[in-house]
Amino acid sequence: MHIHIPDGVLPVWLWVAGFVLTGILLLVILPYLRKQTEKIPLVGMMTAIALLVMSIPLGLPVHINLMVLIGILIGWHWSLVVALVVNFILASFGHGGLTIVGLNTVLLWIQALVGIFLFRLFIKIIKNYFASASISTFISLVVSFFLVIGIVAVSTVEPAEFLHRYEEIGHVEISLLTFIILSLPVALLGIVVESIITGFVVRFIKKVKPE
């Protein structure tokens with residue numbers, strides 16, 4: 001889950017806060033990245049995969065991003081780098097504004113972070129890779145969805161502007177509750193699809209490359 005609105009919509013303090021938080025997180029993880037340079041080729045591959053799946057039109061105002069899968073494979077430190085690079089490249093091609101790269105980076109990274117933690121927890125309890133990865137992805141995406149709702153709420157921006165194809169439907173005004181009602185069914189569809197895909201991929205990787 002992340003935001004697709006263009007530049008000039010969010011209040012300055014909010015998108016600046018996104019960049020500041022991203023910068024602080026990068027400074028914190030930098031020492032860890034220097035110790036894990038052997039992961040750089042895999043990180044590049046995961047970045048390409050994320051760009052690919054986030055650019056595939058599904059015929060709905062939703063797409064998958066596989067950040068939980070990426071987090072499981074490369075860890076929480078490099079997941080932040082992937083989130084930043086992916087969002088910057090997509091924004092450069094008009095997939096959301098450049099000013100919201102910071103917020104979107106944090107949103108995607110939180111997905112990976114929550115997913116990694118829950119996967120490691122569930123694999124010890126359930127001992128099933130498909131179920132652990134699927135459940136972890138589902139929960140992390142639900143958390144991310146409500147974080148987006150929180151951003152919509154604190155931004156004080158008309159909620160309709162966060163809807164896909166807002167420019168095509170013209171100026172409309174809706175309440176935050178209406179926005180949630182409109183967004184939730186579509187978001188849940190994407191969440192379920194991504195959860196199942198992540199579960200299958202993690203199970204497959206475990207079979208062919210257990211280490």
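The legends below describe close-up views of a predicted model.

**View 1. The kinked helix α3.**
Helix α3 covers residues 67–92. Its end C-alpha atoms lie only 20 Å apart, whereas a straight helix of 26 residues would span 38 Å at 1.5 Å a residue. A kink of about 125° is centred on G75 within α3. Just after α3, G94 has a positive phi of about 85°.

**View 2. The largest nonpolar core.**
This core holds 28 residues. The residues with the most contacts inside the core are M54, M67, I70, I74, W78, V82 and V86. Two or more residues come from each of α1 (12–34), α2 (40–53), α3 and α4. Of these elements, α3 gives the most, with 11 residues.

**View 3. Surroundings of V82.**
Apart from neighbours within four places in sequence, V82 is in contact with V43, M46, T47, M67, I70 and I74. M67, I70, I74 and V82 itself are among the residues with the most contacts inside the largest nonpolar core.

**View 4. The second nonpolar core.**
A second core, separate from the largest one, has 22 residues. I5, L14, F145 and I191 are included in this second core.

**View 5. The aromatic pair F119 and Y129.**
Six aromatic pairs are counted in the model. In the pair of F119 and Y129, the ring centres are 6.0 Å apart and the planes stand at 55°, so the pair is tilted. F119 belongs to helix α4 (residues 101–125) and Y129 to helix α5 (residues 129–155), so the pair ties together parts that are 10 residues apart in sequence. F119 counts as buried because its relative accessibility is 10%, under the 20% limit for buried residues. Y129 has 30% relative accessibility and therefore counts as partly exposed.

**View 6. The aromatic pair F130 and F200.**
The rings of F130 and F200 form a tilted pair, 4.9 Å centre to centre with 55° between the planes. F130 lies in helix α5 and F200 in helix α7 (residues 176–208), so this pair ties together parts that are 70 residues apart in sequence. F130 counts as partly exposed, at 25% relative accessibility. F200, at 45% relative accessibility, also counts as partly exposed.

**View 7. An aromatic cluster.**
Y32, W76 and W109 make up one aromatic cluster. W76 falls within the range of helix α3, residues 67–92, and W109 within that of helix α4, residues 101–125. Y32 falls within the range of α1 (12–34).

Conventions:
Residues numbered from 1 in each chain as written. Predicted model: local features only at pLDDT ≥ 70, side-chain atom pairs only at ≥ 80, totals over all residues. Heavy atoms only, no water. Helix = DSSP H or I, 4+ residues; strand = E, 2+ residues; numbered from the N terminus. Expected span 1.5 Å × (residues − 1). Bend = angle between axes of the 7 residues up to and from the residue. Phe/Tyr/Trp six-rings, centres within 6.5 Å; stacked < 30°, edge-to-face > 60°. Buried < 20%, exposed > 50% of the residue type's maximum accessible area, 1.4 Å probe, protein only. Core = buried A, V, L, I, M, F, W, Y, C linked by side-chain atoms within 4.5 Å. Contact = heavy atoms within 4.5 Å.
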